[in-house]
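This report examines selected local features of a single protein chain. The sequence and the structure are shown first, and the discussion follows.

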Amino acid sequence: MDKLIDIANRAIADYGFRQAVLYGAADIARKWELTEEETALLSGAVLSELTALPIPVQPADIPAEQARVSAVIRGLFSI
(Lines give C-alpha, C1' and ligand atoms only; values in the text may rest on other atoms or scores of the structure.)
Protein backbone atom coordinates (compact mmCIF):
# COMPACT_ATOMS: atom_id res chain seq x y z
CA MET A 1 0.00 0.00 0.00
CA ASP A 2 2.76 2.46 0.90
CA LYS A 3 4.47 1.98 -2.46
CA LEU A 4 1.21 2.67 -4.29
CA ILE A 5 0.73 5.85 -2.27
CA ASP A 6 4.31 6.92 -3.02
CA ILE A 7 3.79 6.29 -6.74
CA ALA A 8 0.48 8.17 -6.75
CA ASN A 9 1.90 11.11 -4.78
CA ARG A 10 4.80 11.45 -7.18
CA ALA A 11 2.48 11.13 -10.19
CA ILE A 12 0.24 13.89 -8.85
CA ALA A 13 3.15 16.27 -8.32
CA ASP A 14 5.09 15.38 -11.49
CA TYR A 15 3.11 15.24 -14.74
CA GLY A 16 5.97 13.54 -16.60
CA PHE A 17 6.03 10.73 -14.04
CA ARG A 18 2.23 10.52 -14.25
CA GLN A 19 2.56 9.88 -17.98
CA ALA A 20 5.07 7.10 -17.26
CA VAL A 21 2.61 5.51 -14.86
CA LEU A 22 -0.39 5.92 -17.16
CA TYR A 23 1.34 4.41 -20.19
CA GLY A 24 3.74 2.02 -18.48
CA ALA A 25 2.03 0.72 -15.36
CA ALA A 26 3.58 -2.74 -15.80
CA ASP A 27 7.07 -1.24 -15.99
CA ILE A 28 6.43 0.92 -12.92
CA ALA A 29 5.07 -2.11 -11.03
CA ARG A 30 8.17 -4.12 -11.89
CA LYS A 31 10.57 -1.30 -11.04
CA TRP A 32 8.87 -0.64 -7.69
CA GLU A 33 8.58 -4.40 -6.97
CA LEU A 34 4.82 -4.28 -6.38
CA THR A 35 2.90 -7.37 -5.36
CA GLU A 36 0.32 -8.86 -7.72
CA GLU A 37 -2.46 -7.21 -5.72
CA GLU A 38 -0.73 -3.82 -5.80
CA THR A 39 -0.07 -4.19 -9.53
CA ALA A 40 -3.76 -4.92 -10.16
CA LEU A 41 -4.78 -1.88 -8.11
CA LEU A 42 -2.24 0.33 -9.89
CA SER A 43 -3.53 -0.82 -13.28
CA GLY A 44 -7.16 -0.32 -12.24
CA ALA A 45 -8.37 2.03 -9.54
CA VAL A 46 -5.18 4.07 -9.13
CA LEU A 47 -4.86 4.72 -12.88
CA SER A 48 -8.51 5.80 -12.94
CA GLU A 49 -7.83 8.35 -10.22
CA LEU A 50 -4.69 9.63 -11.96
CA THR A 51 -6.47 9.90 -15.30
CA ALA A 52 -9.17 12.09 -13.76
CA LEU A 53 -6.67 14.68 -12.51
CA PRO A 54 -6.25 18.04 -14.25
CA ILE A 55 -3.22 18.52 -16.49
CA PRO A 56 -1.17 19.62 -14.64
CA VAL A 57 -2.32 19.65 -11.04
CA GLN A 58 -1.80 23.20 -9.83
CA PRO A 59 0.89 23.48 -7.13
CA ALA A 60 -1.58 24.75 -4.53
CA ASP A 61 -3.83 21.72 -5.18
CA ILE A 62 -1.14 19.04 -4.97
CA PRO A 63 -1.37 18.35 -1.19
CA ALA A 64 -5.17 18.04 -1.30
CA GLU A 65 -5.09 15.73 -4.32
CA GLN A 66 -2.36 13.60 -2.74
CA ALA A 67 -4.43 13.27 0.44
CA ARG A 68 -7.57 12.38 -1.54
CA VAL A 69 -5.89 9.73 -3.68
CA SER A 70 -4.06 8.32 -0.65
CA ALA A 71 -7.42 7.91 1.10
CA VAL A 72 -8.80 6.11 -1.95
CA ILE A 73 -5.83 3.73 -1.96
CA ARG A 74 -6.16 3.06 1.78
CA GLY A 75 -9.85 2.34 1.23
CA LEU A 76 -9.01 -0.25 -1.41
CA PHE A 77 -6.99 -2.20 1.12
CA SER A 78 -9.73 -2.16 3.77
CA ILE A 79 -12.23 -3.90 1.48
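In which helix is Ala8 found? Ala8 belongs to helix α1, which comprises residues 2-13. The model is a predicted one, and the values below are computed from it.

**Ala8 and its surroundings**

Ala8 counts as buried because its relative accessibility is 1%, and the cut-off for burial is under 20%. Leaving aside residues up to four places away in sequence, Ala8 touches Val46, Leu50, Val69 and Ile73. Ala8 is also separated from Glu65 by 57 residues in sequence, while their C-alpha atoms are 9.7 Å apart in space.

**Helix α4**

Helix α4 runs over residues 36-51. With 16 residues, α4 reaches 21 Å from its first C-alpha to its last, close to the 22 Å expected at 1.5 Å a residue. A kink of about 40 degrees is nevertheless present in α4, and its centre is Leu42.

Which residues of α4 are buried? They are Glu38, Leu41, Leu42, Val46, Leu47 and Leu50. An α-helix has 3.6 residues a turn, so residues three or four places apart point the same way. The buried residues of α4 pack against α1, α2 (15-23), α3 (25-31) and α5 (62-77). Two of the buried residues, Val46 and Leu50, are among the contacts of Ala8.

Glu38, located in α4, is a charged residue in this buried set. What is the nearest side chain of opposite charge to Glu38, and how far away is it? That side chain is Lys3, at 5.5 Å, and Glu38 has no salt bridge although it is buried. The distance to Lys3 lies outside the salt-bridge cut-off, which requires a nitrogen within 4 Å of a carboxyl oxygen. Not counting residues up to four places away in sequence, Glu38 touches Met1, Leu4 and Phe77.

**Backbone geometry in the loops**

Most residues other than glycine have a negative phi, and most peptide bonds are trans. Two sites in the loops are set out below against that background.

| Site | Location | Backbone value |
|---|---|---|
| Glu33 | loop between α3 and α4 | phi near 55 degrees |
| Ile55 and Pro56 | Pro56 in the loop between α4 and α5 | omega about -20 degrees |

The phi of Glu33 is positive, in a residue other than glycine. Is Glu33 buried or exposed? Glu33 counts as exposed because its relative accessibility is 62%, and the cut-off for exposure is over 50%. The peptide bond that joins Ile55 and Pro56 is cis.

Note on methods. Residues are numbered from 1 along each chain as its sequence is written. This is a predicted model: local features need pLDDT of at least 70, side-chain atom pairs count only at pLDDT 80 or more; totals for chains, interfaces and linings use all residues. Side-chain values use heavy atoms; hydrogens and water are left out. Helices (H or I, at least four residues) and strands (E, at least two) are DSSP runs, numbered from the N terminus. Buried means under 20% relative accessible area, exposed over 50%, partly exposed in between (1.4 Å probe, protein chains only). Contact means heavy atoms within 4.5 Å. The expected span of a helix is 1.5 Å times one less than its number of residues. The bend at a residue is the angle between axes fitted to the seven residues ending there and the seven starting there.
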